[in-house]
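The following exercises are to be worked through with the sequence and the model in view. Each task is followed by a solution in steps.

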Amino acid sequence: MTLSESEQLLPKVPLDRLLAEVQSRLQAVVEARDSVHALLEAVVSIGRELELETALRRIVEAAIDLVDCRYGALGVIGDDGQLAQFIPIGVSEQEIARIAEWPHGRGVLGLLIKEPRPLRLAEISEHLESYGFPQGHPPMRSFLGVPIRVRDAVFGNLYLTQKNGGRDFDEQDETIVTALATAAGIAIENARLYDASRRRETWLDASAEVTQALLSGTELDDALTLIAAHARTMSSARAAVVVAPDDEAAGLMRVLTANGEGSDALDGLQFTADGTLSEAVLRSGEPRVLTEVRRGAEPAPLLDRLPAGPALLVPLGAPPRVRGVLVLVRQRGEQPFAAPTVRMLQAFASQAAVGLELADARKDAERHGLVDDRERIARDLHDLVVQRLFASAMSLTAAARLIDRPDVAARVERTVDDLDATIRQIRSTIFALQSSKDDGTETLRGRLVSVVQSAGEQLGFAPGLQLVGELDYGVPDEVADQLVPVLQESLSNVVRHAKASRVSAVVESSGGRVRVTVADNGVGLPPEHHSSGLANLAERAERLGGTFSAGRGPEGGTEVRWEVPARRGDAQSASA
């Protein structure tokens with residue numbers, strides 16, 4: 001070909017234009033190569049991650065880098081077809097806090113849920129399905145959405161907005177993100193399997209520890225604290241609280257234990273249950289998941305004191321035996337509780353409730369066994385010890401009549417008196433053993449013993465105490481409620497004024513009367529004494545139709561005698 005012919009083939013094509021086109025195509029090839037390399041690196045990166053939450057965030061970060069945009073998010077679709085989890089990237093915590101409402105899966109996001117196929121928009125607001133942005137949401141214009149499938153089911157959607165430089169998403173961006181979504185489905189499946197295995201292991205360990213603690217005799221408060229601590233760890237919550245009915249007649253609930261953020265201010269909190277979520281869960285026996293705690297939206301005296309983020313309320317047990325409610329709360333902006341976490345915590349709470357029931361059954365069995373042992377001991381004391389002592393006293397009484405020497409006869413009679421006193425003490429012990437209550441409440445004898453023990457700590461020595469007669473069931477409540485403060489006031493006077501080295505107290509129920517006698521060997525009453533304590537004792541006796549006296553005792557010191565009828569009717573007939 002001659003030079004003139006070449007000139008005829010390219011008569012009007014500038015050389016620089018051809019070079020620009022070649023350079024543009026080479027640049028496109030380089031960019032495609034770089035995109036493929038970046039895609040491969042992203043696939044390898046997300047494939048290595050086994051933590052589900054971290055894997056989901058890594059997928060969004062990789063997608064943002066691949067298409068060079070500012071914002072990205074991954075929406076996990078729940079069983080109800082709504083967004084169960086929303087993971088945003090590119091939005092700061094301050095921006096999240098300013099957003100009035102978390103995405104629920106409406107508008108363009110909802111369209112992707114209904115029609116799971118790639119969607120590219122140059123302007124979000126111009127789409128017919130556009131729902132608009134909530135108050136405080138950052139402005140967004142361009143949009144690319146791609147579904148993520150795990151096996152044959154749609155796991156969620158990948159959302160990308162605001163491509164840098166004001167550009168629109170193109171076909172190549174859609175192809176790259178679609179390829180990434182395919183690889184992400186495999187990575188998510190692996191992470192879910194690993195997460196399920198780890199969750200099952202965590203649940204088994206926590207349930208085993210709680211059950212072992214309950215069945216080994218751990219106190220209820222300690223067991224509930226352990227349950228709250230494990231639940232908070234398992235759910236990555238900021239605070240865990242266990243609440244239960246406190247006074248059902250008054251409609252009150254109380255915090256039994258709290259663990260985590262703000263727990264010190266919550267422990268023992270009592271609140272009105274009417275209309276609260278805690279009451280609803282307690283009655284229904286079904287867990288309740290909140291995407292966000294909205295303060296002031298409904299009665300929430302407990303939730304208003306917890307972090308204002310996602311919340312989960314799980315019943316402890318099943319109807320009609322729901323023992324309480326486990327409340328878990330995260331910080332605002334954190335992810336809501338996912339369905340697998342809810343199921344795990346529900347299983348854990350049910351297992352813990354079973355442990356609580358078993359612990360109660362074990363304590364009931366121990367209590368009944370203790371009652372049986374006490375009855376057996378009381379029976380043996382009565383049938384063996386008391387009868388033998390009584391027979392010995394009778395023999396000594398008969399022998400005393402045959403003794404000629406007065407001093408020996410007097411010694412035998414004193415021995416008989418000692419045996420009688422011993423028999424009375426043993427019978428008092430028998431009454432105490434036989435009158436132990438099965439409902440766990442403290443008996444009158446136990447309350448009287450506690451008063452004497454407390455006085456002994458202040459005196460520096462143990463006062464003597466005799467409990468005579470059937471006090472626990474033979475004394476009405478109105479009299480029993482006065483006996484304890486009467487004994488306490490009498491011993492308190494000894495502690496403050498007597499300077500005694502020996503104190504004896506006798507509480508007796510016999511012959512339709514109840515008597516309290518406290519005697520000491522102290523300095524005695526002054527000639528003119530004006531004690532508000534003694535006046536109080538006299539007033540208590542008069543109120544029940546009884547008598548009160550205080551004077552010198554048989555061994556010096558002071559003797560206080562307080563006596564009232566055992567029945568209210570006896571007091572009225574006596575006064576008549």
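**Exercise 1.** In which loop is the place of glycine 309? Determine also whether glycine 309 is buried or exposed, and list its contacts.

*Solution.* The model is a predicted one, in which local features need pLDDT of at least 70 and side-chain atom pairs count only at pLDDT 80 or more, while totals for chains, interfaces and linings use all residues. Residues are numbered from 1 along each chain as its sequence is written, and side-chain values use heavy atoms, with hydrogens and water left out.

Step 1. Glycine 309 is found in the loop between strand 9 (288-290) and strand 10 (311-316). Helices (H or I, at least four residues) and strands (E, at least two) are DSSP runs, numbered from the N terminus.

Step 2. The relative accessible area of glycine 309 is 0%, so the residue is buried. The term buried stands for under 20% relative accessible area, exposed for over 50%, and partly exposed for values in between (1.4 Å probe, protein chains only).

Step 3. Neighbours within four places in sequence are left aside; glycine 309 is then in contact with Thr291, Glu292, Val293, Val329, Arg330, Gln331 and Arg332. Contact means heavy atoms within 4.5 Å.

Step 4. One of these partners, arginine 330, places its charged end over the ring of phenylalanine 337, 4.1 Å from the ring centre. The criterion is that NZ of Lys or CZ of Arg is within 6 Å of the ring centre and within 35 degrees of the ring normal.

**Exercise 2.** In what order do the 6 strands of the open antiparallel sheet stand, and which are its edge strands?

*Solution.* Step 1. The order is 8-7-6-11-10-9. Two strands pair if DSSP finds at least two bridges between them.

Step 2. Strand 8 (270-272) and strand 9 are the edge strands, each pairing on one side only.

Step 3. On average, and with direction ignored, neighbouring strands of this sheet are turned by 25 degrees against each other.

Step 4. Strand 9 and strand 10 run antiparallel and are joined by 3 bridges. Within this pair, leucine 290 stands opposite alanine 311.

Step 5. Helix 7 lies across strand 6, strand 7 and strand 11 (324-329), at about 60 degrees to strand 7. Axes are lines fitted to C-alpha atoms, for helices over the stretch in contact, and angles run from 0 to 180 degrees between N-to-C directions.

**Exercise 3.** How many salt bridges does a search of the whole structure find? Describe three of the pairs.

*Solution.* Step 1. The search finds 14 salt bridges. A salt bridge is a side-chain nitrogen of Lys or Arg within 4 Å of a carboxyl oxygen of Asp or Glu.

Step 2. Arginine 238 and glutamate 261 form one of them, at 3.9 Å from N to O. This pair links distant parts of the chain, 23 residues apart: arginine 238 is in the loop between helix 7 (220-235) and strand 6 (239-247), and glutamate 261 is in the loop between strand 7 (252-260) and helix 8 (263-266). Arginine 238 has 34% relative accessibility and therefore counts as partly exposed; glutamate 261, at 36%, is likewise partly exposed.

Step 3. Arginine 254 and aspartate 246 meet at 3.4 Å, N to O, in a salt bridge.

Step 4. Glutamate 539 and arginine 543 form a salt bridge whose closest N and O atoms are 3.5 Å apart. Both residues lie in helix 15 (residues 532-543), 4 residues apart, which is about one turn of the helix.

**Exercise 4.** Which strands stand at the edges of the 5-stranded sheet, and why is one side of each left without a neighbour?

*Solution.* Step 1. This open sheet has the order 12-13-14-16-15, and its pairing is mixed.

Step 2. Strand 12 (464-468) and strand 15 (547-552) are at the edges; each has a single partner strand, so one side of each has no neighbour in the sheet.

Step 3. Strand 13 (residues 503-510) and strand 14 (residues 513-520) run antiparallel and are joined by 8 bridges. Serine 510 stands opposite arginine 513 in strand 14. Arg513 is also linked with Arg515 and Glu563 in a network of salt bridges.

Step 4. Helix 14 (residues 477-498) lies across strand 13, strand 14 and strand 16 (558-565), and runs at about 10 degrees to strand 14.
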